[in-house]
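Biologist: I have the sequence and the fold in front of me. Can we go through them one point at a time?

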Amino acid sequence: MTPHVIKRRALRVEQHPTIPLYMFALAADEVSQVADVARISRDEAGRLIGYQRPEKKQHVRQILEYLDGGEVLFPNGLILALPSTVRFRSSPGPSSFDGLCTSGTLEIPLPDSPDAPRPAWIVDGQQRSLALARTRNSGLAVTVAGFVSEDLETQRDQFLRVNTVSPLPTNLVSELLPEVGTALPTKLSARKLPSALVEALNQDKDSPFRGLVRRASTTAKEKSSTVVADNSLMLAIQESLNLPTGVFSPYKNLSNGTVDTATIRSILVTYWTAVRETFPDAWGLPATKSRLMHGVGIRSMGRLMDRVMMNIPPSSPIAIKEARAELELIQPYCRWTSGRWPDLNIPWNELQNNPRHISTLSNFLLRTYVHEKVKVA
């Protein structure tokens, strides 16, 4: 049986040497036949799948109200990742326009049944596509830019790039970054390694953070047990990586751009395991019940890590024990779950994840640590 095919007049734009790009139009009710939304999530093995943020119902409703109105002008197009099964047939006769594009007919094969996977993925315009699927104006022509690539890495790369004007949620971008292998803008590139380390901390069996980090792919069912915001942990790691005095600085080879990620991961697991063992009553609780799990606690203890771990060899068989001995110097002065912080005179639950409180708590922890070190020296 010949599969159903949508045929559209199209322009093949001569842009990328190996990835064809087509400009064409679809009717509103054809968009959902052609393309699916690749929601970000993780499979049973913990591998990241998809890249799209959740549906914004109010946004979709606003678009739908406009589409169902009177005269509609809807120039906001969609960007689709098309399958390699599409076929483009150039028009007979002169069809090239100044070497920039070629006119012809694009054929997109459709699935045999409504329940089968769609051939294309929506890279940009998922909220618009949801509204288009529901509008009464089903024959409305929608402009589409479609590039042919079934490579998920290429799709994620384009997804991140086209969403720089209307910023994506920070945690969504963070979780996607390690999955993109192409060159990224400087700001995004700087967040790639910290995000990969956070994912390792959330997944690895020897990590004290295993299953505790809330990411964009975290399901509603998992949210009650994920008590640490990934962005707070990422920023703590990024700060240590970027500072010349950071504990991770010696493991960055500036001459060739390489980083000893295995050693950095080992330091993170050692230090935070020691933190968990030093403050067992405050570990693993929601941020509303423990400021250690709150952004202000993660960031402040991250700064203390640079001082504590600087003189503890990561390969030491007693590294966790040594780190615990260092952290026990500040343990009597910490008020993660109740009471008021000494000297600061701040109730435990009034510390917030803002620059002023992070700086205040960090300075207190560092001063206390140095003072206690001098006393026992």
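**From one lysine to the helix packing**

Biologist: Does Lys-223 count as buried, exposed or partly exposed?

Modeller: Buried means under 20% relative accessible area, exposed means over 50%, and partly exposed is in between (1.4 Å probe, protein chains only). Lys-223 has 46% relative accessibility, so the label is partly exposed.

Biologist: What kind of model gives these values?

Modeller: Residues are numbered from 1 along each chain as its sequence is written, and side-chain values use heavy atoms, leaving out hydrogens and water. Local features need pLDDT of at least 70, side-chain atom pairs count only at pLDDT 80 or more, and totals for chains, interfaces and linings use all residues; this is a predicted model.

Biologist: Which residues does Lys-223 touch, not counting those up to four places away in sequence?

Modeller: Contact means heavy atoms within 4.5 Å. Lys-223 sits in the loop between strand 12 (213-214) and strand 13 (228-229). Its contacts are Arg-214 and Thr-218.

Biologist: How many helices and strands does the protein have?

Modeller: Both are DSSP runs numbered from the N terminus: helices are H or I with at least four residues, strands are E with at least two. The count is 11 helices and 17 strands.

Biologist: Arg-299 carries a charge class; is Arg-299 buried or exposed?

Modeller: Arg-299 is found in helix 9. Not counting residues up to four places away in sequence, Arg-299 touches Ser-232, Leu-235, Ala-236, Glu-239, Asn-353 and Ile-358. With a relative accessible area of 13%, Arg-299 is buried.

Biologist: Which element gives the most residues to the largest nonpolar core?

Modeller: A nonpolar core is a set of buried Ala, Val, Leu, Ile, Met, Phe, Trp, Tyr and Cys residues joined through side-chain atoms within 4.5 Å. The largest has 53 residues, and Tyr-271, Trp-272, Met-301, Trp-336 and Trp-341 touch the most other members. The elements giving two or more residues include helix 6 (186-203) and helix 11 (355-376). The top contributor, with eight residues, is helix 8.

Biologist: How do helix 8 and helix 10 lie to each other?

Modeller: Axes are lines fitted to C-alpha atoms over the stretch in contact, and angles run from 0 to 180 degrees between N-to-C directions. The axes of helix 8 (residues 261-278) and helix 10 (residues 319-327) come within 8 Å and cross at roughly 55°. Angles under 35 degrees count as roughly parallel, over 145 as roughly antiparallel, 65 to 115 as roughly perpendicular and the rest as oblique. The two helices are therefore oblique.

Biologist: How do the residues of that contact divide by class?

Modeller: Helix 10 supplies Ala-319, Ile-320, Ala-323, Arg-324 and Leu-327, while helix 8 supplies residues including Thr-270, Tyr-271 and Ala-274. Ala, Val, Leu, Ile, Met, Phe, Trp, Tyr, Cys and Pro count as nonpolar, Asp, Glu, Lys and Arg as charged, and the others, Gly among them, as polar. The split is seven nonpolar, three polar and two charged.

Biologist: What is the relative accessibility of Ala-323?

Modeller: Ala-323 is found in helix 10. Not counting residues up to four places away in sequence, Ala-323 touches Ala-274, Val-308, Met-309 and Ile-312. Ala-323 counts as buried, because its relative accessibility is 0%.
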